[in-house]
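Visitor: I should like a close look at a single part of this protein. Please describe one helix and the partners against which it packs.

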Amino acid sequence: MTEAELSQDTRTRILEAAEQLFAYQGFRETSLRAITSKAGANLAAVNYHFGSKDDLIQEIFRRRIDPVNQARLKALNEIEAEAAPDSPDLEDILRAFLHPAVKLSTDPEHQKVLSRLYGRIHAEPSDELETMFLDLFSEVQPRFAGALHKALPDLPQKELAWRFHFMIGVMVYTMSEARKLARFFPDLNQYDAETQTERIVRFVAAGFRSEIPPSLTRKES
């Protein structure tokens, strides 16, 4: 292997070791020494490739989430181009956002490690971790919020924000807890990303289109 290939191999081994340890032991409980020991590397290599433990955590999420976000934006660009000058259908917008993430969740690697890793964000909350994670969606969130507003122009922005938030909750819970549901309903254990996406799209679309209860309108007026 060339020097560049050796360097890249070391970087990959550090990422994979850290991903495993963070997922099963947590961010706080995992030391850089434990990561380098598992990766067969040294602390200098971590500093060289990532700079700090926080930067290493960010890179772990970035390498998993960036491809999902790129697929989302590509799908949104395509449906917007097809629908121009009109807005795409609500279901198409939701599908563009949801399917790349649901597809990732059906991957065996995700089921073993990544769902645990995402759970750590909620189990070990911190301002730094939350800011880092939200930064990964700084381009995707406003693009999809804007597309949803065009598809539902009569829905107030505040209500749209809440419904977007609820959609994220449905998506994340489905991705991380599907195996638990299968224990109670064994027939749900077998599904593909397309089928699961359509289930979520239908459910979420109904929520986005639902009327705002008069009682809620009065409270916020």
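Guide: The part chosen here is helix α4, whose axis lies 10 Å from that of helix α7 (residues 127-135), the two packing at an angle of about 30 degrees. Axes are lines fitted to C-alpha atoms, for helices over the stretch in contact, and angles run from 0 to 180 degrees between N-to-C directions. Helices (H or I, at least four residues) and strands (E, at least two) are DSSP runs, numbered from the N terminus. The angle makes α4 roughly parallel to α7, given that angles under 35 degrees count as roughly parallel, over 145 as roughly antiparallel, 65 to 115 as roughly perpendicular and the rest as oblique.

The model is a predicted one, in which local features need pLDDT of at least 70 and side-chain atom pairs count only at pLDDT 80 or more, while totals for chains, interfaces and linings use all residues. Residues are numbered from 1 along each chain as its sequence is written, and side-chain values use heavy atoms, with hydrogens and water left out.

The crossing of α4 and α7 is right-handed; a crossing is left-handed if the near helix is turned anticlockwise from the far one by less than a right angle, and right-handed if clockwise. On the α4 side the contact (heavy atoms within 4.5 Å) is formed by Ile57, Gln58, Phe61 and Ile65, and on the α7 side by Leu129, Met132 and Phe133. These residues comprise six nonpolar, one polar and no charged, where Ala, Val, Leu, Ile, Met, Phe, Trp, Tyr, Cys and Pro count as nonpolar, Asp, Glu, Lys and Arg as charged, and the others, Gly among them, as polar.

A second partner is helix α5 (residues 90-105), whose axis comes within 9 Å of that of α4 (residues 53-83) and crosses it at roughly 155 degrees. Helices α4 and α5 are therefore roughly antiparallel to each other, and their crossing is right-handed. Here α4 contributes Arg64, Val68, Ala71, Arg72, Ala75, Leu76 and Ile79, which meet Asp92, Ile93, Ala96, Phe97, Pro100, Ala101 and Leu104 of α5. The contact of α4 with α5 consists of eleven nonpolar, no polar and three charged residues. In the loop between α4 and α5 lies Pro85, which is joined to Ala84 by a cis peptide bond with omega of about 10 degrees. In general, most peptide bonds are trans.

A third partner is helix α1 (residues 3-25), which packs on α4 at an angle of about 95 degrees, with the axes 10 Å apart. Helices α1 and α4 are therefore roughly perpendicular to each other. The residues involved are Arg11, Ile14, Leu15, Glu16, Ala18, Glu19 and Phe22 of α1, together with Lys53, Leu56, Ile57, Glu59, Ile60, Arg63 and Arg64 of α4. They divide into seven nonpolar, no polar and seven charged.

As for the wider setting, the protein has eleven helices and zero strands. Domain 1 covers 1-51 and domain 2 covers 53-209, with bounds that come from an automatic or database domain assignment. Between these domains, 19 residues of domain 1 are in contact with 20 residues of domain 2.
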